[in-house]
Amino acid sequence: MENMNKAGFQDIITIDYLNDHALGVSYHNGKIFNTPFTIPGEVVKIEILGKKKGALACKLLDIIESSPKRVSPLCPCFGVCGGCEMQHISYDEQVAIKQRWIKQLFASAGQTIIRDIIPSPEPYHYRNRITLHHLKKTWGFYKRLSHELIAIDECKIASQPLNLKLKLKTVNKTAPQEAEVFELREDAGHSFQQVNSAQNQNLIDTVCSYCLNKKSLTALELYCGSGNLSFEITKKFKTVMAVDGDPEAVRQAQVAKKNRGEKNIQFIHSPVYDAVFNMVQELRQFDVVVCDPPREGLRETARLIPRLKPRRIICVSCNPSSLASDARVLIQNGYQLSEITPIDMFPQTRHVETVACFDPKN
Ligand SMILES: C[S@@+](CC[C@H](N)C(=O)[O-])C[C@H]1O[C@@H](n2cnc3c(N)ncnc32)[C@H](O)[C@@H]1O
């Protein structure tokens with residue numbers, strides 16, 4: 001019985017559900033088994049690799065009963081490369097699984113409306129930037145769960161113009177002895193850019209749909225980058241004050257503001273916490289606060305935002321877990337989570353974007 005939980009032991013299990021790391025979870029013989037590249041309902045043969053966070057981490061050896069949702073992955077490196085976790089699942093099922101993750105994560109938040117997830121217009125070849133590693137003569141990605149480089153000359157989630165650039169890079173090589181990180185982009189910029197250009201329009205439209213529809217109101221936009229959301233939300237308000245910590249992004253936003261002749265938006269270069277802290281000290285108020293923080297979320301800034309007394313807070317997030325932490329803080333400080341729209345910005349991967357809308361509790 002002891003050996004049944006040891007590394008190297010092989011077993012046949014049924015996958016109960018996919019967790020938010022896209023691992024197939026099975027409750028079997030009183031233990032939790034986590035197996036990648038599986039689908040709920042499948043019967044699979046696995047080998048135990050070891051224990052990880054109270055579960056048995058497993059390797060998939062064979063699929064005994066396959067799910068009707070299983071498809072052939074497009075990429076020959078799928079399963080080896082650390083980039084994608086869900087290419088073996090039909091795209092319809094991927095979005096259904098992501099919808100379930102968001103529903104479960106926010107089930108305890110109260111009477112929140114969870115809208116249907118917006119699927120990506122392009123399930124493959126959607127990324128307008130990818131981060132590669134370059135060592136000696138190899139361009140590529142790290143292998144799953146390792147720092148071992150695998151050579152890539154085409155990435156199935158990168159856009160075709162990027163793949164063309166990747167091919168040229170492979171031919172045009174210098175040969176660094178230490179691994180270099182290299183961002184390949186469609187544009188020439190260095191600042192943050194939403195990775196999925198087609199889906200970005202749905203993101204902007206969703207944020208705009210949550211802006212209170214009254215042109216006399218004021219808005220504060222935190223983590224504005226180079227103004228991706230700013231120039232659309234500005235159409236909804238009397239004035240917008242937009243803050244970002246990246247000087248190059250703010251410079252680009254200011255150039256774009258001038259070129260567009262926008263008058264009612266002001267871009268400020270500052271760490272968000274400092275800017276909001278000062279606004280709270282000055283007793284400033286805004287009708288709406290829009291924020292789009294990096295993966296780690298709002299952190300300490302979440303406690304400050306309610307002190308600006310907004311009638312609505314709109315949070316864009318690429319990390320549902322940090323959004324859930326921020327939501328707890330906003331709820332403790334007088335707000336309720338009214339509505340969430342999930343947006344599949346990152347098909348074939350376990351990542352999902354969300355737009356959440358908070359209103360003052362009655
Ligand atoms: C997810 S991006 C969003 C950018 C923009 N909303 C967009 O759609 O392109 C997050 C932005 O937060 C900025 N940022 C990260 N940490 C910050 C901080 N502590 N203070 C100010 N800006 C920060 C980054 O420079 C980046 O532009």
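User: How many residues lie between the strands in the hairpin of E3 and E4, and what phi does Asn29 take there?

Analyst: Begin with the vocabulary: helices (H or I, at least four residues) and strands (E, at least two) are DSSP runs, numbered from the N terminus, and two strands pair if DSSP finds at least two bridges between them. In the hairpin of E3 and E4, two residues lie between the strands, and Asn29 takes a positive phi near 50°. This is a predicted model, in which local features need pLDDT of at least 70 and side-chain atom pairs count only at pLDDT 80 or more, while totals for chains, interfaces and linings use all residues. Residues are numbered from 1 along each chain as its sequence is written.

User: In which sense do E3 and E4 pair, parallel or antiparallel?

Analyst: Strands of a sheet pair through backbone hydrogen bonds, and the sense can be either parallel or antiparallel. Here strand E3 (residues 23-28) and strand E4 (residues 31-36) are antiparallel and share six bridges, with His28 standing opposite Lys31 in E4. E4 also pairs with strand E6 (residues 55-65), but in the parallel sense and over two bridges, and there Asn34 stands opposite Ala57 in E6.

User: Which other residues, apart from glycine, have a positive phi, and where in the chain are they found?

Analyst: His125 is one of them, with a positive phi of about 50°, and its place is in the loop between E7 and strand E8 (129-135). Lys309, whose phi is near 55°, is found in the loop between helix H7 (301-304) and E16. To judge exposure, count the other C-beta atoms, placed from the backbone, within 10 Å of a residue's own: 20 or more is buried, 12 or fewer is exposed, and in between is partly exposed. His125 counts as partly exposed because it has 17 such neighbours, and Lys309 counts as partly exposed because it has 14.

User: In what order do the eight strands of the open sheet stand?

Analyst: A strand order is read across the sheet from one edge to the other, and here it is E7-E17-E18-E16-E15-E12-E13-E14, with mixed pairing. Strand E7 (113-114) and strand E14 (265-269) are at the edges with a single partner strand each, so one side of each has no neighbour in the sheet. The pairing of E7 with strand E17 (residues 335-343) is parallel and rests on two bridges, and Ile113 stands opposite Glu339 in E17. Helix H3 (residues 197-210) packs on this sheet and touches strand E15 (288-291), strand E16 (312-317), E17 and strand E18 (353-360), while its direction makes about 5° with that of E18. For such angles, axes are lines fitted to C-alpha atoms, for helices over the stretch in contact, and the angles run from 0 to 180 degrees between N-to-C directions.

User: Is Gly110 buried or exposed, and which residues does it touch?

Analyst: Two residues are in contact if their C-beta atoms, placed from the backbone, lie within 7 Å. Gly110, in the loop between helix H1 (91-105) and E7, counts as exposed because it has 12 C-beta neighbours inside 10 Å. Leaving out residues up to four places away in sequence, Gly110 touches Gln336 and Leu337.

User: Is Met345 buried or exposed, and what does it touch?

Analyst: Met345 is found in the loop between E17 and E18, and it counts as buried because it has 23 C-beta neighbours inside 10 Å. Not counting residues up to four places away in sequence, its contacts are Ser120, Val195, Asn196, Gln199, Cys318 and Glu353.

User: In what order do the four strands of the other open sheet stand, and which are at the edges?

Analyst: The order is E10-E9-E8-E11, and the pairing is antiparallel. Strand E10 (149-151) and strand E11 (180-185) are the edge strands, each pairing on one side only. On average, neighbouring strands of this sheet are turned by 50° against each other, with direction ignored. E8 and strand E9 (residues 138-142) run antiparallel and are joined by three bridges, and the bridge partner of Leu135 in E9 is Thr138.

User: Which residues are closest to the ligand, and how does the shell divide?

Analyst: A residue is near a molecule if its C-beta atom, placed from the backbone, lies within 6 Å of it. Here 15 residues surround the ligand, and the closest are Tyr223, Gly225, Asn228, Gly245 and Asp246. Ala, Val, Leu, Ile, Met, Phe, Trp, Tyr, Cys and Pro count as nonpolar, Asp, Glu, Lys and Arg as charged, and the others, Gly among them, as polar; the shell holds eight nonpolar, four polar and three charged residues.
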